[in-house]
Amino acid sequence: KHAPKRCWRSPSRLQTELLKPLEAAASSTAGGSIVTLSQTFLLHPKQRLPKAMASFFPTSTTECYVTKHVRNSEILENNCFEYGDADVAGPRCRFAANCILLKVLYIGLEPYMRVFCVTGKEPEWDVGRVPRGKVIGEVLMSNVPWITVGMKVKVTAPWRTYTWVEVTPRVLVEELDNTVPPELYLGLAGSGGRTARLALEKYAKPQAGHVALVTAAASCVGLAACQLMRMEGVTVLGSCGSDRKVTLLKKLGVKAFNYKTENVDEALARLAPSIDFLFDNTAGRVRTAAIKRMRGGGVILTSGHIARYDAFGGPAGGDEALEKKIIYENCLHDYGQFFVGHFSGDFVECTSHIIRLYKRGRLR
């Protein structure tokens with residue numbers, strides 16, 4: 001009930017505004033009419049912009065907000081979200097000494113968000129609220145000394161075409177390397193690549209000559225894990241859900257199979273006699289089949305349970321009781337599910353390392 005007043009708008013308009021180049025400051029568009037500093041005071045009589053921010057800026061933004069939660073086995077549909085207009089200088093904006101104004105260029109969508117869409121447990125995913133996530137944006141205004149106008153950055157922000165971000169010690173703002181595609185920072189050089197590299201670095205990784213299986217191998221995390229282990233001389237198997245993904249993985253040197261069209265047990269038996277290392281992103285029946293074929297003393301790293309995120313243990317299949325029995329009897333080292341956020345202090349260095357490998361052509 002405290003959300004700003006919105007006007008209905010079609011999704012295609014949001015997509016258009018997210019991707020079109022920044023209009024000239026003197027022009028006027030539906031997405032952001034231009035006003036002067038003196039006109040800004042009329043919007044907020046009790047608030048004044050710092051002099052460093054005295055410039056032109058858009059007054060309206062398109063935002064995406066939640067309109068519906070799904071339950072149990074319901075499918076996420078387009079009507080779970082809506083689009084509307086709101087003031088850039090709305091009640092949630094803060095003209096503080098540590099604010100920046102961004103034009104959002106890319107929004108990152110990640111698997112964990114499916115949990116919020118299904119359960120609505122996070123306050124930011126309540127009906128009527130604008131979700132937050134990793135975005136790539138161009139700085140239009142800044143009152144932070146080291147962040148300059150025109151800089152492209154990655155930061156956690158609401159899903160809006162234009163948005164204010166308050167930069168505090170707890171907010172990670174990453175400056176992008178302009179020599180690589182910016183969207184790379186929402187994938188390989190973002191949460192996906194970090195999850196793969198930090199898990200293998202902080203917990204355990206297979207040795208040269210070992211056989212490793214990566215489930216959901218064509219996902220962002222999966223692709224990074226496959227390539228990083230291949231660099232170490234590991235034979236990598238990969239499960240995925242389409243023939244197109246199989247082709248992609250084979251180009252990277254991964255022995256891939258489509259678990260939707262081939263029996264998982266038969267595929268694993270065909271590709272390798274046994275498995276030393278499991279990097280699991282899915283849970284469910286593929287995980288169970290993999291654990292059944294693991295050597296004694298093998299290692300299990302669990303990145304996620306995407307097969308269960310909105311299935312609640314139904315269609316995902318698998319046999320957790322059997323998995324626990326085999327893990328105990330064969331002395332498998334199961335590290336459980338890890339959370340990459342526990343290593344946030346390593347994010348910047350990890351991203352820099354991944355970018356270096358990308359530039360050398362070792363990561364794709």
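User: Which kind of crossing does α4 make as it passes α5, left-handed or right-handed?

Analyst: In this predicted model, residues are numbered from 1 along each chain as its sequence is written; local features need pLDDT of at least 70, side-chain atom pairs count only at pLDDT 80 or more, and totals for chains, interfaces and linings use all residues. Side-chain values use heavy atoms, with hydrogens and water left out. A crossing is left-handed if the near helix is turned anticlockwise from the far one by less than a right angle, and right-handed if clockwise. The passage of α4 (a DSSP run of H or I, at least four residues, numbered from the N terminus) across α5 is right-handed.

User: How are α4 and α5 oriented to each other?

Analyst: Their axes (lines fitted to C-alpha atoms over the stretch in contact, with angles from 0 to 180 degrees between N-to-C directions) come within 7 Å and cross at roughly 45°. Angles under 35 degrees count as roughly parallel, over 145 as roughly antiparallel, 65 to 115 as roughly perpendicular and the rest as oblique. The orientation of α4 to α5 is therefore oblique.

User: How many of the 12 residues of α4 are buried?

Analyst: Buried means under 20% relative accessible area, with a 1.4 Å probe and protein chains only. Residues of α4 that qualify include Gly-192, Arg-194 and Leu-198. The buried residues pack, by contact of heavy atoms within 4.5 Å, against elements including α5, β13 and α10. Helix α4 is mostly covered, and its buried residues number 10.

User: How far apart are the end C-alpha atoms of α4?

Analyst: The expected span is 1.5 Å times one less than the number of residues. For residues 191-202 this gives 16 Å, which agrees with the modelled distance of 15 Å.

User: How many residues apart in sequence are the parts that Phe-81 and Trp-159 tie together?

Analyst: Rings of Phe, Tyr and Trp (its six-membered ring) pair if their centres lie within 6.5 Å; planes under 30 degrees apart count as stacked, over 60 as edge-to-face and the rest as tilted. There are 7 such aromatic pairs, among them the tilted pair of Phe-81 and Trp-159, with 6.1 Å between centres and 40° between planes. Phe-81 belongs to strand β4 (a DSSP run of E, at least two residues) and Trp-159 to the loop between β7 and β8, so the separation of these parts in residues is 78.

User: What type of pair do Phe-279 and Phe-338 form?

Analyst: Phe-279 is buried at 0% relative accessible area, and Phe-338 is buried at 7%. Both belong to one aromatic cluster, together with Tyr-203, Tyr-335 and Phe-343. Their ring centres are 6.2 Å apart and their planes at 70°, so the pair is edge-to-face.

Technical notes: Buried means under 20% relative accessible area, exposed over 50%, partly exposed in between (1.4 Å probe, protein chains only).
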